[in-house]
Structures are given as structure tokens and as C-alpha cells.
Amino acid sequence: MNIKKSIRSDERRGYSLLLVSSLYLFAYLLDRALLVPQWKYRNAKNASASASASASATATATAETGNSLKYSKLSTAINQNGPKQDCQSLLHNDYKDAHIVITTRGDGKTAPPPHTTVFALTPSQSIISKHLISKGIWEPGLYRKLKQKLRPGMVFLDVGANIGLFSIYAQSIGAQVIAVEAMDTNAQFITASECMNSVTHGAHAGSIYLFHYAAHPAPDDADCSIRGATLNRDNGELWCRDKKDGNNAGQSSEKQQLARLDSMVQEIRTHGQLPFEQIDLMKIDVEGFEQAVMESASGMSYPPKGIVFECNAKQSKARNHNTLFWRRYLMDNHGYCNGFTYATGEDPFILQLIFPYFPFIDAIALGTCGGGNFYLDCSGFMGEGVLLFSYRW
């Protein structure tokens, strides 16, 4: 009798193991099927060549390559004694009387120090300005992530820098910042804000290398322009068309200069006197254009150690992109990227637990995301996910 019970018990365990294995195999196959089959842009794997550069010794040093790729080095050491009115003079005449100066505020938890001061549009023209005035902080989860990950001397890549809130913050804690911002208004605010904060943070801060470009994987083949909202003028959306196509790329008159992201990074490494092997942290928020930006970074030797990115499936679809491309990026960089182990927000602990350990959960989250920030860990094998299962590999 006991033998029969033992046999039945073993059979149940065997069936249970078979069922669990079958379900996991199904989940694994579904996980693989939900990958984006290929990159969207034809020339995504071909990085532009960098040429020699020259720099001036002014407060804002400018370099230019043979491909007319320019950047501005904003150096705090030169501007330490610049009063507010001198910093304001860096703004275009159109914005000198149509801006405000705001200092972030809050306790150490919601707004980790140091607090910074920025030039911004008036609240009637900017949601960010309105939020800063009422709350004292914009996207506190992202501030906490920067505070957690960045140390003096580290390199922070800010793509879609907007008015420079996070670039200025990263600089103030000693990081070296590569800021990429396409809108002319925002690029001027970044320059003026860097000048203002140099008075406060001085020699303890890093430098900002500002590229006034829109990142695109095929800059020679595309024609792009910014389309901004009337009530949120510092938050433009990039719309592009192939140069062979006669359709209008967008309604804004602000035409954009385009460059590959890997070319910008290589320019700083080669000619910007900022030698580094790998970006320590990258933030990307380009209103649904993230896929094109990351394809333009395919020539980088290593992926950034960490990537904070905004994910909006509907917005990406409007640009004929797919937010699931992040899974393709993760797979292509599987020697470095461990998975989506974190999502910034007010209480991200549950997502932090779920993402690494269950197949296709991240696909569901990425495929239905509505504007939240996610975090991709590329700090090396087993990086931040100490117990991370390697089911993808």
C-alpha cells in the first residue's frame, strides 16, 4: 500500500514538473517571439567618421569637426564670478523678457541636494515651470536615480536635455555631462543656467558638453523639424521624413541639425579632452523618438552602464516606432545588459522584483507603457540583478 502511494506521489511530482516546464518553455518561446525582428533604419549600424577638431579658449569653447559637428563646452571654472545679469545676457533677445529663474527645493528624500537654479519659460508656456513653482521638483524619481548612480568624475549622457534640469543637477554633483538638445530655446536656457549655477557650485562641479542637434541614425537621408505645443513650448516633438519624400516633416519653422549619437560621443572622447571607456549613466526622453536615437548609438563600443528612458507606446507608434525595440537592444548587448530591473516612480519595488525573473513580463510593460520612466541595467553580467536568471541567454 505504501509503495503504491509512493508511486502515485512520484507521478504527481513528475506531472507537476512536466507542466511547470511546459509553461516555462511556452513563456520562453513567447518571450523570444515578442522581440522586434530587426532594426528599423537601414544605416543604423554605420557610425559616421569623426575628423579633427579645434577649440577656442573662451568661456564657451566651440569645436567643429570635418563633418561640421559642433559642441559647446560650458565650463564652470571660467564663470565662477558671473552675476545673474551676465548669465541672462546669454539668452536670445526673444527670451530675455519671457523667462523666469527657478531654484529647485524639497527635503532630502524627494529632492536630493544639491539644489540648482535654472532659467525657464514662464508657467503659462511650460508645464515644467508650473510644476517647479508649485512642487519645487520635476520627476523626483529621476533625481534620486542620478543621485544614486553618479559620482564626481563619472560621465552622464542626457539625450533630450530640455531646459537642462538633470544636466545641471548631474554637473553640480561633479559628473561630466554630455547634453544633447535639439530645441534652440532649451539650448540657450542650458547655457544660461550653467552660468548661474557656476556661482554656487564653482570648481566642485563638472563640465557640460552641449550638442545642439537631434540624434538620428541617418542624418544625411532625413529632413526633420520640431513641432511644439502652444502651452508647452519647451517640450517639442521631432518629426522626420526621408529627403526623397515630398511630405512635410512638421509644422514648426525650426529645422533641425541632425547627427548620430555615437558620433557625438566619439567627438567628446577624441577631441573634447574627456577620455572615458563607457558612459556611466544615460537619460533619454525624446517624446517617442527613442528608437531612432538608440539606433544612432549603435557604433558605441559599449552600451551605457545604466539607461533611464521614457516609455510611451502610443507616442512611439505615432512615429512608426515600437517600444519593444528595447528588448532587441537588450538582446544585442546581452554581454553587458542584464534586464529591466527597475522602473523609476513613487513606489517601484514591485516592478523591481518582477521584471528580471519572469519571461515576457517586461514585454507587456514595454508594449503598454504610457509615459513612465524605466531603467535598463547594462553594468555587466549579473550587474545589479544579483539573483538574475539568465533565461534569455
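Is cysteine 378 buried or exposed, and at what relative accessibility? In this predicted model, cysteine 378 has a relative accessibility of 1%, and it therefore counts as buried.

**Confidence**

The protein averages a pLDDT of 78, and 74% of the residues score at least 70. Confidence is highest in strand E5 (residues 155-159), at a mean of 97, and lowest in strand E1 (residues 60-64), at 43. Over residues 43-66 the pLDDT stays under 50, although the model has 59 contacts beyond four places in sequence for this stretch. Residues 387-393 likewise stay under 50, with 28 contacts beyond four places in sequence. Where pLDDT is low, the predicted coordinates should not be read in detail.

**Disulfides**

The count of disulfides comes to 4, and with the bonded cysteines numbered in sequence order the pairing is 1-2, 3-4, 5-7, 6-8. Three of these links are set out below.

| Pair | S-S distance | Angle about the S-S bond | Handedness |
|---|---|---|---|
| Cysteine 87 and cysteine 195 | 2.0 Å | -70° | left-handed |
| Cysteine 311 and cysteine 369 | 2.0 Å | -60° | left-handed |
| Cysteine 337 and cysteine 378 | 1.9 Å | 90° | right-handed |

The link of cysteine 337 and cysteine 378 is right-handed, with 90° about the S-S bond. Cysteine 337 lies in the loop between helix H11 (325-332) and strand E14 (339-342), while cysteine 378 lies in the segment after E15, so the pair ties together parts that are 41 residues apart in sequence. Cysteine 337 counts as buried because its relative accessibility is 1%.

Cysteine 311 and cysteine 369 form a disulfide with sulfur atoms 2.0 Å apart. Cysteine 311 belongs to strand E13 (residues 306-312) and cysteine 369 to the loop between helix H13 (361-367) and strand E15 (370-377), so this pair ties together parts that are 58 residues apart in sequence. Both cysteine 311 and cysteine 369 are buried.

Cysteine 87 and cysteine 195 also form a disulfide. This pair links distant parts of the chain, with cysteine 87 in helix H2 (residues 84-88) and cysteine 195 in helix H7 (residues 184-201), 108 residues apart. Cysteine 87 is buried at 0% relative accessibility, and cysteine 195 is buried with a relative accessible area of 5%.

**Strand E6 and its partners**

In strand E6 (residues 176-180), 5 of the 5 residues are buried, so the strand is largely enclosed by the rest of the structure. Gln176, Ile178 and Val180 point one way from E6, whereas Val177 and Ala179 point the other way. In a regular strand the side chains alternate between the two faces of the sheet.

E6 runs parallel to E5, to which it is joined by 5 bridges, and leucine 157 has isoleucine 178 of E6 as its bridge partner. From E5 the chain crosses through helix H6 (residues 165-172) to E6, and this β-α-β crossover is right-handed. E6 is also joined by 4 bridges to strand E7 (residues 207-211), again in a parallel arrangement, with isoleucine 178 standing opposite tyrosine 209 in E7.

**Nonpolar cores**

The largest nonpolar core has 56 residues, and those with the most contacts inside it are Leu261, Ile284, Phe309, Trp326 and Leu376. Leaving aside residues up to four places away in sequence, phenylalanine 309 touches several residues, including Ile284, Trp326, Phe340, Leu366 and Leu376. A second, separate core of 40 residues includes Ala111, Leu146, Ala179 and Cys195. In soluble globular proteins, nonpolar side chains tend to be buried together.

How values were computed. Residues are numbered from 1 along each chain as its sequence is written. This is a predicted model: local features need pLDDT of at least 70, side-chain atom pairs count only at pLDDT 80 or more; totals for chains, interfaces and linings use all residues. Side-chain values use heavy atoms; hydrogens and water are left out. pLDDT is the predictor's confidence in each residue, from 0 to 100. Helices (H or I, at least four residues) and strands (E, at least two) are DSSP runs, numbered from the N terminus. Contact means heavy atoms within 4.5 Å. A nonpolar core is a set of buried Ala, Val, Leu, Ile, Met, Phe, Trp, Tyr and Cys residues joined through side-chain atoms within 4.5 Å. Buried means under 20% relative accessible area, exposed over 50%, partly exposed in between (1.4 Å probe, protein chains only). Two strands pair if DSSP finds at least two bridges between them. A crossover is right-handed if, with the strands pointing away from the viewer, the path from the first strand over the helix to the second runs clockwise. A disulfide is a pair of cysteine sulfur atoms within 2.5 Å.
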